[in-house]
Structure formats: structure tokens, C-alpha cells
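Subject: Structure for your files

Hello,

Here is the structure I said I would pass on. My notes on it follow below.

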Amino acid sequence: MSNIFDLQIQSTASDGRHSPADIMAMAKERGVLTIAITDHDTVAGVAEAAAAGTGGGGRVISGIEISAEDHDIHLLGYGVDEMNADLLTALEEARRRRIDGAKQMVDNLSRAGLVITWEDVLNYATGDTIARPHIARAAMGRTENAVALEGVATVHDFIVKYLGNDSGNYVHRARISAASAIALLHGAGGIAVWSHPVLPDFRNGQYAALEEFFKDLRGWGLDGVEVFNPSHTEDDAEFLGGIAQKYGVLRTGGSDFHEANDSPVVSEEGLHSAGFIGDYETFGFATDDIIPRLDAAIAARREMLKSADVHGDQNTETI
């Protein structure tokens with residue numbers, strides 16, 4: 001199915017396979033009127049998408065997806081100021097940590113017998129963020145690895161075999177806390193939303209534990225939860241929608257799109273990435289209020305920051 005908004009899309013600025021401009025063209029073709037570019041730990045793709053949208057009639061909400069340490073969650077930021085100094089400083093530090101971890105993974109794969117160099121990886125990483133798919137494509141691009149890659153047909157296959165979280169090759173990089181990430185997004189004028197809350201740590205109906213952690217996040221200022229995502233079942237969506245109503249937070253939905261594909265891509269953690277922009281199931285639940293409520297929350301956050309600046313208040317919600 002195709003929805004008229006998609007609030008989770010990754011581009012070539014991180015680990016997506018399509019440029020922000022191409023994503024805007026795809027969205028228009030699919031009838032998706034509003035999108036958010038939510039690249040991992042970077043806002044580098046937002047401006048290009050916005051420029052393409054201006055010419056093509058689509059609307060872009062500035063966004064980002066930040067990885068946090070607590071339960072290995074991801075937090076979506078919407079309406080952020082891409083030029084915010086605190087945000088850019090934190091993202092540069094995250095970029096350095098990603099590069100250090102990626103270089104270690106390349107070394108680990110080399111010691112495991114695969115032919116791969118850091119230069120190979122850079123040939124596949126077109127944006128600011130380097131992630132496991134770039135390393136996988138670099139290794140799969142070397143003909144010398146043909147024997148080692150027997151049975152490995154996709155990037156997902158490679159990650160499962162060689163770069164899974166529990167493998168000896170994967171390097172867990174340090175991440176900021178969820179509380180700090182929420183404060184960072186707020187300080188940049190944005191709204192903080194918990195991305196695909198069920199995964200990775202609350203799958204298979206662990207709703208009581210999910211709600212307990214949600215309470216922590218809400219205490220740190222969380223603004224919403226992503227209710228609709230290709231990784232969520234109907235039961236998940238119903239529970240998360242109930243959480244949003246019970247605690248008075250925003251609902252969002254997105255495809256977690258990375259690459260045009262006839263079949264969804266499933267990550268090593270079990271996350272599903274739709275093969276088309278706007279492709280996620282809403283299970284018949286109403287979604288008409290999602291964009292208006294998100295717009296109102298972003299406007300309120302910006303007004304709050306403006307008022308604080310006028311009164312000379314110091315922003316305490318930064319790292």
C-alpha cells in the first residue's frame with residue numbers, strides 16, 4: 001500500500017541507496033505528499049530533498065535518526081534546525097565513532113580471511129555516515145572473496161554471516177544516552193519520536209517491559225512513538241497507538257525505506273525496510289491527524305526556543 005506521508009526514509013547521506021532528489025521523485029510518483037529524510041546520525045541529505053521538493057511540489061520535514069545506547073534504540077527527530085551548532089557537534093563526534101568502529105570491522109574481516117580495504121568501503125559510502133551495508137558491499141565487490149561468499153546473495157546475508165551483533169567481527173560503538181539524544185533534538189528545535197519501538201529489545205509481545213521503558217523516555221521528554229512501521233504487526237500498532245493515547249504523545253508512521261526493491265529487506269536485528277516509499281501498513285487505523293499534530297508540536301517547540309532566546313534563558317537540553 002502507499003500512504004500519503006512517509007516519516008522514515010534513509011538516503012545516500014547515510015546507508016540508503018538513492019539520493020535525496022531521487023527519493024523526492026519516487027515519492028511524487030507514488031503519491032506521497034509529505035516525507036521526512038531521517039538519515040542515521042546526519043542531516044546532510046535534508047537540504048537536497050527540500051530543494052527537489054520545492055521544484056516538484058513535494059513537502060519535506062527535516063529529520064534525522066539518532067542511535068542511542070539504552071536498549072539500542074533509535075530516536076527520530078523532526079523539524080530540527082540542520083545548522084544547530086550543538087547538533088552538528090554531536091553528529092561529528094558520532095561520525096568519528098562510526099568511522100573508528102567501521103575501520104576496526106574492516107580489520108577484523110581481513111583477519112578472518114576476506115579481501116577488503118578501507119578504500120573499498122569509501123567507494124561505496126557516498127555520504128557522511130558509514131554503516132555495515134557499506135562494508136558488506138565493499139567485501140562483496142571483491143572477486144577474491146568468491147569462495148568466502150558462497151551462499152551470500154545479499155547484503156543482509158553478508159551481515160548475518162560476518163557482521164552480526166554477536167559475531168567476532170562486529171564492533172559495538174559507543175552511543176549517546178537516550179536522555180541526551182532527546183535533549184539534543186529539543187535544543188535543535190525538533191521533536192523526539194521513538195523509532196520502531198518493538199525492535200530490537202521488545203519483540204514477541206513484551207509490551208509491559210516496553211511500556212516501562214517508555215515511561216523513562218517520557219520522563220526525559222519523548223514526544224511520540226512510531227506506531228506504523230514495516231516491522232510492526234497489527235497487535236504492535238494497536239498497542240503503540242494505545243500508548244500514544246494513554247500518555248498523550250504523538251503518533252508517526254514510516255516505511256524505513258533504504259532501497260527500491262520488489263520485496264522488503266530484513267536486517268540482522270529483524271527490522272523490516274519497505275521496498276517502496278510510503279509502503280507501510282496502518283491496519284485500518286486513522287492517520288489523518290498525524291501530520292497536523294506533528295506540525296503543531298514542531299511549531300510549539302520552536303516557539304518555546306524563541307521565547308527562551310528572547311528572555312536570555314540558557315538552553316539546558318544539550319549534551
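Is Asn 169 buried or exposed? Asn 169 is buried, because its relative accessible area is 13% and the cut-off for buried is under 20%. Please keep in mind throughout that this is a predicted model. Asn 169 sits in the loop between H6 and helix H7 (178-187). Leaving out residues up to four places away in sequence, Asn 169 touches Met 105, Asn 108, Leu 109, Ala 112, Tyr 162 and Leu 163.

Overall build

The chain is made of 10 helices and nine strands. The radius of gyration is 19 Å, and a compact globule of 319 residues would have a value near 20 Å, so the chain agrees with that expectation. Along the principal axes, the C-alpha trace spans about 60 × 45 × 45 Å. Buried residues make up 53% of the 319 in the chain. Among contacts with a separation of 6 or more, 74% are between residues 24 or more positions apart.

As for the surface, about 13,700 Å² is exposed, with carbon and sulfur atoms supplying 51% of it. The chain carries 25 positive and 49 negative charges, and the mean positions of these two groups are 2 Å apart.

Cores

The largest nonpolar core holds 65 residues, and the members that touch the most others are Leu 7, Ile 35, Tyr 78, Trp 194 and Leu 222. Apart from it there is another core, of 23 residues, which includes Leu 109, Ala 136, Ala 138 and Tyr 170. Leu 109 is also one of the residues that Asn 169 touches.

To take one member of the largest core, Leu 222 touches Leu 75, Ile 182, Ala 192, Val 193, Trp 194, Phe 214, Leu 217 and Val 249, again not counting residues up to four places away in sequence. Leu 217, in helix H8, has a relative accessible area of 0% and is therefore buried. Outside its neighbours within four places in sequence, Leu 217 is in contact with Ile 73, Ala 178, Ile 182, Trp 194 and Leu 222. The C-alpha atom of Leu 217 is 18 Å from that of Asp 236, and 19 residues separate the two along the chain.

A covered helix

Helix H5 (residues 132-140) is mostly covered, with eight of its nine residues buried. Which residues of H5 are buried? They are Arg 132, Pro 133, His 134, Ile 135, Ala 136, Arg 137, Ala 138 and Ala 139. The cover over them includes helix H3 (85-111), helix H4 (118-124) and helix H6 (155-162). Ala 136 and Ala 138 of this helix are among the members of the 23-residue core.

Backbone points to check by eye

In general, most residues other than glycine have a negative phi, and most peptide bonds are trans. The following places depart from that.

- Leu 199 and Pro 200 are joined by a cis peptide bond, with omega about 10°. Pro 200 lies in the loop between strand S5 (191-195) and helix H8 (207-219).
- Asp 256 is not a glycine, yet has a positive phi of about 55°. Asp 256 is in the loop between strand S7 (250-253) and strand S8 (265-266). With a relative accessible area of 5%, Asp 256 is buried.
- Phe 283, also a residue other than glycine, has a positive phi near 55°. Phe 283 is in the loop between strand S9 (272-273) and H10. With a relative accessible area of 24%, Phe 283 is partly exposed.

Two further residues

Ser 67 belongs to strand S3 (residues 59-67) and is buried, with a relative accessible area of 6%. Residues up to four places away in sequence aside, Ser 67 touches Asp 41, Ile 73, His 74, Arg 98, Arg 173, Arg 175 and Ile 176. Ile 73 is also in contact with Leu 217.

Asp 309 is in helix H10 (residues 290-310). Asp 309 counts as exposed, because its relative accessibility is 61% and the cut-off for exposed is over 50%. The C-alpha atoms of Asp 309 and Ser 62 are separated by 22 Å, with the two positions 247 residues apart along the chain.

Regards

How values were computed: Residues are numbered from 1 along each chain as its sequence is written. This is a predicted model: local features need pLDDT of at least 70, side-chain atom pairs count only at pLDDT 80 or more; totals for chains, interfaces and linings use all residues. Side-chain values use heavy atoms; hydrogens and water are left out. Helices (H or I, at least four residues) and strands (E, at least two) are DSSP runs, numbered from the N terminus. The radius of gyration is taken over C-alpha atoms; the globule rule is 2.2 Å times the number of residues to the power 0.38. Buried means under 20% relative accessible area, exposed over 50%, partly exposed in between (1.4 Å probe, protein chains only). Contact means heavy atoms within 4.5 Å. Accessible areas come from the Shrake-Rupley method with a 1.4 Å probe; for residues, only the protein chains shown count as cover. Lys and Arg count as positive and Asp and Glu as negative; His and the chain ends are not counted. The place of a charge is taken as NZ of Lys, CZ of Arg, CG of Asp or CD of Glu. A nonpolar core is a set of buried Ala, Val, Leu, Ile, Met, Phe, Trp, Tyr and Cys residues joined through side-chain atoms within 4.5 Å.
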